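Please open the model in a viewer and keep the selection tool at hand. The tour below proceeds one selection at a time.

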Amino acid sequence: MQFLRAYARNPAALIGAALVLAVLAMGLLAPLLYPGDPLSLAGRPLQWPGANPRFPLGTDPSGRDIAAQLFHGARVSLLIGFSATAIAVVIGIGIGALAGFYGGIVDTLLMRVTEAFQTLPNFLLLLVLVAVFGSDIKTVTIAIGIVAWPPVARLTRAEFLSLRTRDFVQACRLQGLSDAHLILREVLPNALPPVIVYASVVMAIAILLESALAFLQLSDPNVSSWGNLIGLGRNVLRAEWYVSAIPGIAILLTILGVSLVGQGLNDALNPRLAGR
Amino acid sequence: MSLLEIRELSVALPAGADRALALDQVSLALDPGEILCVVGESGSGKSVTASAIIGLLAPGLAVVSGQIMLAGEALVGQSPEAWRALRGRRIAMVFQEPMTALNPLMTVGAQIAEMWRAHTDLNSRDITAHSLAALTEVALPDPEGALRAYPHELSGGQRQRVMIAMALALEPEVLICDEPTTALDVTTQAQVLALIRALQQRRGTAVLFITHDFGVVAEIADRVAVMQQGVVVEQGPAATVLSHPTHPYTKALLAAVPALIAPPPRELAAGSVLTLRGVTKTYGSPGMFRRRKAVKALDAVDLTLRQGATLGVVGESGSGKSTLARCVVGLLPVDAGDILIAGEPLPHGRCAAAGLVQMVFQDPFASLNPRRRVGDQVAQGPMALGTSAAQAMAEARALFGLVGLEPDAVARFPHEFSGGQRQRIGIARALAMKPRVLVADEPVSALDVSVQAQVLELLRGLQARLGLSMLFITHDLRVAAQICDDIAVMQNGVVVETGPIGEVFAAPRHAYTRSLLDAVPGRALFAA
């Protein structure tokens, strides 16, 4: 309750929450407003927004309804965002927790692996994974999760390093509790707040990475994602720029929303830093 | 008219605090050449008084009424520029923690020089000469070396001397000392108190000295003001207030100061429960890339804890007493020697060790997990050893009753308890494992003196009822005198003297023990 009140006191955080909820609503309403396949041909290609009352946001170079693709694309973008973030956070917390809690040789090994991942540019690694394993939507999501976990692991490790020597953890050791209990029940709940905040960053990165893949036409062509739509507009960018601009704005607002939510969470979880 | 006058000063706390006013109609007066001690427990408003005088109230605090007069000049409501000209030059302050009050990236000389650079237009050669003179005056062993030293290269006492030199650099009329010796060892504290006294007398500075320790008051104060909950409840000459207190709160505080007299020896059963033989622990083992010198934290320590007795381990910071505690409970491995509990070395399995030895920690705020209910934290130990959840929780409720808490408090979270109550929870958590030996590492050092007395009373009572054997680590000889049967004095990792506490206090054999006893503040006053 106290947490919600702290969060609600921050106007930027509320705007962020409203944006994310709006995108969520778009995804939920998509099948009601635009039943049927958004990728099916709907009318004459490249109609400008407002030119035809049937297509308020116009049509793309293949004559598909942009509004329908936008609404269905919200589902895809959010799904990829949440799933890839979940994968990255689970891997990151697992590796970071083990490295930070045990230290020594375990820490050295796991952190060298993490650094190996971090030194490769994210997007190149993603391209390689997609090139090798194919580009259907599941593979793309998993691949994004795999390239996004190292910062989560480093953050979790840092929290664990400082928490594992606290008196309350030592007291639990003396009570005869297992390492699993110490990690999961004592340290992890205290280490989680910064990781949750960082998860919003991971989510923004995941949505952007998928869009970038789609722009290069390397994402799943059989789903109507925002990135695919931007990619379709690439060839007509100078004359019919709206094809790329409309989904671009959608991505911009979604990422803005997610980032503001993250900032709001940060302020609400660290009340001492709020108001600075 | 006094030099510094605080007239009916009221300072408001932010909305939602535990009370409306941090200071409520506080009136104090300070004359040149006198030391006024403001005493009180945490939350009494003594530090807020100091920050109001120097115009550095924490954000959220605001003066609502009253006035502060310095030599007839009103301070409340001045412009920030006027405050800046005043601070350092006419009112100076010495803080509690000298390490955080000094900039770790600047040499001591550069930091002292800033005083003259900010407030005067002396040239740099004169400034260096002044800095050197200032450091010489506070009796630093090597003033010229100290000028070039960085704060981490000095000891705590030396850093506090530097702070005092900086505060007195511009010969201020008023010096505010906010718990300046609380972070220091007892022998260093005695030296710093003597230094403040000497400088103050030589220069006729008016000193406002904030402290929680009545021993320090007895050492240094001319006059005393006692604060409780933002109100000055009693003030007067030190001798009168200390020997004939009138307000019940002052009486209670004075009564809570433990006497430095060992209790009569108790009858104890024969036999020992904990034996240490030649225990050695070295930090920073030498290696190719290690630059730091290896430090022997424990050097061939031999100790014996008698069954049902309390063995006090006393010493100053760095003496190895906390390392000793952590080695005994098995949190740190030893390099050499044996630690035997009931004749056996501590088993490697965590569960097997849990029933033999438990620990009570120093910091009541760090020793409980803030995100879990306190009852769960007490009950989880027995549950890990196979007790059913229902029975473990019933035992936890009984233990809460035993340590003087409401049994229903098991469902609450740590932040809902005060420091003293948290320490009781820590004791309950340790007792839940029914240990043979209880190790208490400075269990009352973080507590106010009245709460300290209650927790010591609790430990004494529990020992009588449960026959506990305790290893009691403390830096405070008064506390040791309250609870220990035997005592071991440690210096630089070596036990220099052991014996029954009465004998050691009455006739200390080792020079270090004597210096520790002599340095206890307010010894003359509270001896009786």
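A residue counts as buried when its relative accessible area is under 20%. The model shown here is predicted.

Begin by selecting residues 4-254 of chain B. According to UniProt, in an unreviewed entry, the feature "domain: ABC transporter" covers residues 4-254 and also residues 274-517 of chain B. Within residues 4-254 of chain B, 41% is helix and 25% is strand, and the C-alpha atoms at the two ends are 28 Å apart.

Next, select strand β6 of chain B, residues 91-94. Ile91(B) and Met93(B) lie on one side of the strand, Ala92(B) and Val94(B) lie on the other, and all of these residues are buried, which leaves both faces covered.

Add strand β7 of chain B, residues 174-178, to the view. The pairing of β6(B) with β7(B) is parallel and comprises four bridges. Within it, Val94(B) has Cys177(B) of β7(B) as its bridge partner.

Now turn to the cysteines. How many disulfides does the structure hold? Over all chains, there are zero. Cys37(B) takes part in no disulfide, and its nearest cysteine sulfur, in Cys177(B), is 9.2 Å away. Is Cys37(B) buried or exposed? Cys37(B) counts as buried because its relative accessibility is 0%.

Finally, select Cys484(B) together with Cys327(B). The sulfur of Cys327(B) is the closest cysteine sulfur to that of Cys484(B), yet the separation is 20 Å, and therefore too far for a bond. Cys484(B) has a relative accessible area of 2% and is therefore buried.

Definitions and conventions: Residues are numbered from 1 along each chain as its sequence is written. Chains are lettered from A and ligands numbered from 1 in the order in which they are written. This is a predicted model: local features need pLDDT of at least 70, side-chain atom pairs count only at pLDDT 80 or more; totals for chains, interfaces and linings use all residues. Side-chain values use heavy atoms; hydrogens and water are left out. Buried means under 20% relative accessible area, exposed over 50%, partly exposed in between (1.4 Å probe, protein chains only). Two strands pair if DSSP finds at least two bridges between them. A disulfide is a pair of cysteine sulfur atoms within 2.5 Å. UniProt positions are given in the numbering used here, feature names are shortened, and annotations may be inferred rather than shown by experiment.
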